[in-house]
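Hi,

Here is the structure I said I would pass on. Have a look at it first, then read my notes underneath.

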Amino acid sequence: MPTNAIALDATERTEFGKGSSRRARRAGQVPAVVYGHGTEPRHLLLDEHATRLALRGNENALVELNVDGETLLAIAKDVQRHPIRPGVQHVDFLLVNRNEKVEVEVPVVVTGEPAPGTIHMIELAHVLISAPAISIPETIDVDITGIEAGTAVRVADLVLPEGVEAVTEADTDVVNVAAEAVAGSEAPAEAAEGDAAAESE
């Protein structure tokens, strides 16, 4: 078992339809489907609480699904969550093996502070990468420490972990650093309005 895979127990799902899905959720279970490698999709039921913890904060979590004594290594591809309260509604898993690379989108996280008098704007929230299935980074960190206004950090500038390659075009802007708006920039307009009012009196 890969050291970073999270173990989840699962059972084969034998009932289908909205009614069975609602019953499963009321019982604390979450429907899931696992597919890939040319196999027929398999429909499973997992413990909702354990699944929610396994997928918390990691959009591409690597999991080891234990299905009636059989082990399936997979990554989360699509997670449907409850729109209001905490809870996972459904999960799509993609089968992988420990020796292959997969393409996934990984969220961008900005670290550090740019030069004084500047602000940063995230232009690309996720970067598409190719990475070993067993070592997908949870985030792509972008260090903007000391970066001056007018500077763009592009995909080509990213420092990626060993074995990870960017699939997104190299010249795509990820973060832009710009000068902060000058306080009181509306003052001239306000002064002009005051002058106009004085002249009309």
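Below is what turned up, starting with the cores and moving on to one of the sheets. Keep in mind that this is a predicted model.

Let's begin with the largest nonpolar core. It holds 26 residues, and the ones touching the most other members are I129, V142, L158 and V174. Where do its residues come from? Two or more residues each are supplied by β5 (70–81), β7 (101–111), β9 (126–132), β10 (140–143) and β13 (173–179). The biggest giver is β7, with 4 residues.

If you'd like one residue to click on, try L158. Ignoring its neighbours within four places in sequence, L158 has contacts with V127, I140, V142, V153 and V174. Two of those names, V142 and V174, also appear among the core residues that touch the most other members.

There is a second core too, separate from that one: 20 residues, including V30, V34, V67 and A76.

Now for the sheet. Three strands make up an open sheet in the order β8-β13-β11, and their pairing is antiparallel. The edges are taken by β8 (118–122) and β11 (151–154); each has a single partner strand, so one side of each has no neighbour in the sheet. On average, neighbouring strands here are turned by 20° against each other, ignoring direction.

Finally, zoom in on β11 and β13. These two run antiparallel and are joined by 4 bridges. Which residue in β13 does T151 stand opposite? Look across the pair and you'll find V177.

Have fun exploring!

How values were computed: Residues numbered from 1 in each chain as written. Predicted model: local features only at pLDDT ≥ 70, side-chain atom pairs only at ≥ 80, totals over all residues. Heavy atoms only, no water. Core = buried A, V, L, I, M, F, W, Y, C linked by side-chain atoms within 4.5 Å. Buried < 20%, exposed > 50% of the residue type's maximum accessible area, 1.4 Å probe, protein only. Contact = heavy atoms within 4.5 Å. Pairing = 2+ DSSP bridges. Axes fitted to C-alpha atoms, helices over the stretch in contact; angles between N-to-C directions.
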